[in-house]
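This report treats a metal site first, and then turns to the pockets of the same model.

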Amino acid sequence: MKTRQTAEIILKNMAKVLNLEENYFIDVAADNAPTFARFNYFPPCLRPDLVYGIRPHADGGAITILLPDKEVEGLQVLKDGQWIKVPIIPDALIVNVADQIEIMSNGELKSPMHRVITNSEKQRISVAMFYLSEMEKCLAPAPELINEIKPMLFKKMKAREYRDIFFQHLMRGENKALLPISSFFQLFKCRRLVRICLYGKSQ
Ligand SMILES: O=C(O)CCC(=O)C(=O)O
Ligand SMILES: [Fe+2]
């Protein structure tokens, strides 16, 4: 299938950029790896200031290949706290790094937060192809990308486990499921601090 071949070329080049073995991410494009297509239709909306086409989120798979609308913009990416418009480039596909590649690349490649805004006059159509790692595969940062300066940012887990975590976050309306290990420590420290404060109060 042509789209799998495209995904394969992209994944090989991503691995090369990181000085990893060419086939490091390739199982994502393997025949038994899950792939989903989403056809997005955004009708005109009278209050684009109040309604998102798609609320801010990061994609949970490995990569997303997006065929955006030929005429109507709407996709925006969060960079340094600012929402940046993704311009329309004729016949270009947009490739989004998603959470599983962020894990495997130990955060070298980031899964960006993005959103779609609505348009008061025009409808918009896009097609997103989501490539996911094979469900039984262990997702973990590549050992080559872990060192004293950059410790392991994400814990090891099966792709299936990550999918479950991702959907739990999605159901709760949260924007980003992927948290580096350090955030868990922060959360743990925070909880301990709250507990210490509470103990302090009751004594
Ligand atoms: O329609 C777009 O440009 C983006 C769609 C998207 O982010 C998604 O389907 O996850
Ligand atoms: Fe998305």
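## Metal site

Along the chain, the donors of the iron ion (ligand 2) follow the spacing H-x1-D-x54-H, where donors are N, O and S atoms within 2.8 Å of the metal (3.2 Å for Na, K and Ca), and water is not among the atoms, so sites may look incomplete. The coordinating atoms belong to His 57 (NE2), Asp 59 (OD) and His 114 (NE2), at 2.1 to 2.3 Å. Both His 57 and Asp 59 are buried, that is, under 20% relative accessible area with a 1.4 Å probe and protein chains only.

## Basis of the model

This is a predicted model, in which local features need pLDDT of at least 70 and side-chain atom pairs count only at pLDDT 80 or more, while totals for chains, interfaces and linings use all residues. Residues are numbered from 1 along each chain as its sequence is written, ligands are numbered from 1 in the order in which they are written, and side-chain values use heavy atoms, with hydrogens and water left out.

## Second largest pocket

The second largest pocket (an open set of points on a 1 Å grid over the protein atoms alone, where a 1.4 Å probe fits, with protein on both sides within 12 Å along at least five of seven lines) has a volume of about 270 Å³, the volume being the space filled by probe spheres set on the points. Of its 22 lining residues, which have an atom within 4 Å of a point, Asp 59, Leu 66, Leu 75, Asn 96 and His 114 are the closest to its centre.

## Largest pocket

The largest pocket has a volume of about 410 Å³, and among its 18 lining residues Arg 38, Phe 130, Phe 166, Phe 167 and Leu 170 lie nearest its centre.

Definitions and conventions:
Buried < 20%, exposed > 50% of the residue type's maximum accessible area, 1.4 Å probe, protein only.
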